[in-house]
Every structure is written in C-alpha cells, then in structure tokens.
Amino acid sequence: METGIAKLTPELLAFIGSGGVKAFAPFTREIFLLDITVAGTTFCKEIDTLEPELLPETKLKMIRHPKNEYDELAIGIYHNNVRIGWVPQDLNEVISRLMDAGKAFFCRVESAKRKNKWLKIDAKIYMVE
C-alpha cells in the first residue's frame, strides 16, 4: 500500500543536510521598513564595551516591552543580549502592533559614531516575511 510518505533514508538525510526540520521551512525574505537612530544609548552601561562590535551590517535583536512604564509600545534593541537602546517612541507604534501579532523584526547597524560622550547608532529596521 502506497502512503505517499517518503521513508527517511541516509540518502534523504544527506540531501536535507543538518538543518533538520528547519530545512523544510519556507523561504523567507527581509523587508526593509525604515531608518532609525537608536534611542537611549546613553542609558546602556555596557555601551563602551560593545561599541567595537557595533560595526555596519551587525544584526540587532528587537524585543517588545509592553509593560514599559514610559511607553506601552516600547521595543528594546539588543546586541549580545544587552539592551543598547530603543526604537524611537515616535516610530514604534506600527512595528509594536505587528510584533504583537506575531511578526518578526530585527535591526541592522548602518553606523555607530561618537558625538562627544553619546554613541549615535543609526540602523535599518527589517521585517522577516
């Protein structure tokens, strides 16, 4: 009886590679949304240590903070699990609502330059679709 299900053989595993279940994930694309200057970098105590790592094209994680006492739409921006700043409050509403609906986002560093004691980080926000 033919079930239409392929048996897992060493040849099939070699074809799939080591990606496991993720090897069958649909293709994804990065959709550029907007340019930002990361807000609040002066409040990051580790910013001086992280500065040499914030090179152009460095990917930064974005995490929603709905219980933020100053902004219920807040989105933290992270490098190596350290929050380096925030998506600017005047630009976070649509992205936070999409994140709450399950959409994935990340930032990519464009530049990180010192302006006196302030590290100005310009980044691009992308949605993963």
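Thr58 is buried in this predicted model, with a relative accessible area of 15%. This value falls under the 20% limit, and Thr58 is therefore classed as buried. The residue is found in the loop between α2 and β2. Its side chain makes two polar contacts with backbone oxygens, as set out below.

| Side chain | Backbone oxygen reached | Distance |
|---|---|---|
| Thr58 | Glu53 | 3.3 Å |
| Thr58 | Leu55 | 2.7 Å |

When residues up to four places away in sequence are not counted, Thr58 touches Glu53, His79, Cys107, Arg108 and Val109. Glu53 thus appears both among these contacts and as a residue whose backbone oxygen the Thr58 side chain reaches.

Cys107, touched by Thr58, also belongs to the largest nonpolar core. That core holds 23 residues, of which Met62, Ile77, Ile84, Cys107 and Ile125 touch the most other members. At least two core residues come from each of α2 (47–50), β2 (59–65), β3 (74–79), β4 (82–86), α3 (93–100), β5 (104–115) and β6 (118–128). The greatest contribution is that of β6, which gives five residues.

Met62 illustrates how this core is connected. With neighbours within four places in sequence left aside, Met62 is in contact with Ile75, Gly76, Val87, Ile95, Met99, Phe105, Phe106, Cys107 and Ile125. Two of these partners, Cys107 and Ile125, are themselves among the core residues that touch the most other members.

Leu33 offers a second view of Phe105 and Ile125. Leu33 lies in strand β1 (residues 30–37) and is partly exposed, with a relative accessible area of 34%. This figure lies between the 20% and 50% limits, so Leu33 counts as neither buried nor exposed. Neighbours within four places in sequence aside, its contacts are Phe105, Ile125 and Met127. Leu33 and Phe105 are 72 residues apart along the chain, and their C-alpha atoms are separated by 9.7 Å.

The largest pocket has a volume of about 220 Å³. Its lining consists of Ala39, Phe43, Asn68, Tyr70, Asp71, Ala74, Ile75, Trp86, Val87, Pro88, Gln89 and Asn92. By class, eight of the lining residues are nonpolar, three are polar and one is charged. Ile75 and Val87, which help to line this pocket, are also in contact with Met62.

Conventions:
Residues are numbered from 1 along each chain as its sequence is written. This is a predicted model: local features need pLDDT of at least 70, side-chain atom pairs count only at pLDDT 80 or more; totals for chains, interfaces and linings use all residues. Side-chain values use heavy atoms; hydrogens and water are left out. A nonpolar core is a set of buried Ala, Val, Leu, Ile, Met, Phe, Trp, Tyr and Cys residues joined through side-chain atoms within 4.5 Å. Buried means under 20% relative accessible area, exposed over 50%, partly exposed in between (1.4 Å probe, protein chains only). Helices (H or I, at least four residues) and strands (E, at least two) are DSSP runs, numbered from the N terminus. Contact means heavy atoms within 4.5 Å. On a 1 Å grid over the protein atoms alone, a cavity is a set of points where a 1.4 Å probe fits but cannot get out, and a pocket is an open set with protein on both sides within 12 Å along at least five of seven lines; lining residues have an atom within 4 Å of a point. Grid points are joined across faces, edges and corners, and a volume is the space filled by probe spheres set on the points. Ala, Val, Leu, Ile, Met, Phe, Trp, Tyr, Cys and Pro count as nonpolar, Asp, Glu, Lys and Arg as charged, and the others, Gly among them, as polar. A polar contact is a pair of N or O atoms within 3.5 Å; within protein, one must be able to donate a hydrogen and the other to accept it, and residues adjacent in sequence count only if both atoms are side-chain atoms.
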